[in-house]
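These are my notebook entries on a single model. I set down what I looked up, entry by entry.

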Amino acid sequence: MAGFLDRAKEQAQRGLSQGKQKIDEVQAQRTGGDLLKTLGAAYLAERRGSGSPQATQQALQAVESHIATHGDGFLRA
């Protein structure tokens, strides 16, 4: 009986770990999308004369930092 419970506990922990990993992936995707929206808004504001090149550059750096940390999968989603 103890072996069965150990296996069940192990399987449950594996499931929780996989669930947490998937949540982390979804959050990284969402954050990446938000950063792209910010970059687009900064670029549009700059082109229309109400934004600054510095704001666009900061937004671009944030996107590049996110890519370095989490990969570029959010660009294809």
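Entry 1. Does H66 count as buried or exposed? I worked from a predicted model. I found a relative accessibility of 6% for H66. The cut-off for buried is under 20%, so I entered H66 as buried.

Entry 2. I then looked up where H66 sits and what surrounds it. H66 belongs to helix 2, which covers residues 53–70. Setting aside residues up to four places away in sequence, I listed A28, T31, G32, L35, G71 and F74 as the residues that H66 touches. One of these, A28, also offers its backbone oxygen, which the side chain of H66 reaches at 3.0 Å.

Entry 3. I turned to helix 2 as a whole. I noted 18 residues in helix 2 and a reach of 26 Å from the first C-alpha to the last. That is close to the 26 Å expected at 1.5 Å a residue.

Entry 4. Which residues of helix 2 are buried? I recorded T56, A59, V63 and H66. These residues lie on the same side of helix 2, because they cover an arc of only 85 degrees around the axis. As a general point, an α-helix has 3.6 residues a turn, so residues three or four places apart point the same way. On the other side of helix 2, I found Q54, Q58, A68 and T69 exposed.

Entry 5. Against what do the buried residues of helix 2 pack? I identified the partner as helix 1, residues 2–48.

Entry 6. I examined T56 as a further member of the buried set in helix 2. T56 has a relative accessibility of 11% and therefore counts as buried. Leaving aside neighbours within four places in sequence, I found T56 in contact with L39, A42, Y43 and E46.

Entry 7. I checked what comes after helix 2. G71 follows helix 2, and I noted a positive phi for G71, near 85 degrees. G71 is also among the residues that H66 touches.

Entry 8. Last, I looked up A2, a residue of helix 1. Is A2 buried or exposed? I found a relative accessible area of 52% for A2. The cut-off for exposed is over 50%, so I entered A2 as exposed. I also took the C-alpha to C-alpha distance from A2 to Q13: the two are 16 Å apart in space and 11 residues apart in sequence.

Note on methods:
Residues numbered from 1 in each chain as written. Predicted model: local features only at pLDDT ≥ 70, side-chain atom pairs only at ≥ 80, totals over all residues. Heavy atoms only, no water. Helix = DSSP H or I, 4+ residues; strand = E, 2+ residues; numbered from the N terminus. Buried < 20%, exposed > 50% of the residue type's maximum accessible area, 1.4 Å probe, protein only. Polar contact = N/O pair within 3.5 Å; in protein donor to acceptor, adjacent residues only side chain to side chain. Contact = heavy atoms within 4.5 Å. Expected span 1.5 Å × (residues − 1). Arc of directions from axis to C-beta.
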